[in-house]
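Me: I would like a close look at a single loop residue in this model, together with enough of the surrounding chain to place it. Please take it step by step.

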Amino acid sequence: MERKTIRVSKNAARSGHRFRMANMVSIICPNCGFRRLIDTSRFTVSDTFIPGQNGYESADYYQKCSRCNEEIGIKKLK
Ligand SMILES: [Zn+2]
């Protein structure tokens with residue numbers, strides 16, 4: 001049997017994880033509904049566009065969805 005060693009820093013798991021949970025939200029893929037397209041600050045307001053949709057070309061970021069492989073456009077509104 002293969003022996004696997006997973007090392008988790010206690011400090012990173014504690015402070016890092018809680019920080020993520022408290023301050024980040026996940027944007028849902030508008031194409032397939034994948035819940036973890038990208039993480040943003042919860043204070044950021046974003047709009048998402050699928051290719052061909054009105055506004056897609058003026059998006060600020062493009063993130064490839066790991067489920068449907070569509071290049072989703074993300075526009076930061078605030
Ligand atoms: Zn998707």
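Reply: Since the model is a predicted one, what follows describes computed geometry. F43 has 8 C-beta neighbours inside 10 Å, and because a residue with 12 or fewer is classed as exposed, F43 falls in the exposed class. In sequence terms, F43 sits in the loop that runs between β2 (38–41) and β3 (46–49). Its spatial relation to another part of the chain can also be given: N23 lies 20 residues away from F43 in sequence, while the C-alpha atoms of the two residues are 8.0 Å apart.

To set this loop in context, the protein chain contains one helix and five strands, arranged along the sequence in the pattern α-β-β-β-β-β. The chain has 78 residues, of which 9% count as buried. As for how contacts are spread over the sequence, if one takes those between residues at least 6 apart, 42% of them join residues at least 24 apart.

Another loop residue may be set beside F43, namely N69, which is found in the loop between β4 (61–64) and β5 (71–76). N69 is likewise exposed, because 9 other C-beta atoms lie within 10 Å, and the class extends to 12 or fewer. The backbone of N69 deserves a separate remark, as its phi is near 65 degrees, a positive value in a residue that is not glycine. Most residues other than glycine have a negative phi.

Definitions and conventions:
Residues numbered from 1 in each chain as written. Predicted model: local features only at pLDDT ≥ 70, side-chain atom pairs only at ≥ 80, totals over all residues. Helix = DSSP H or I, 4+ residues; strand = E, 2+ residues; numbered from the N terminus. Buried ≥ 20, exposed ≤ 12 C-beta atoms within 10 Å, placed from the backbone. Contact = placed C-beta atoms within 7 Å.
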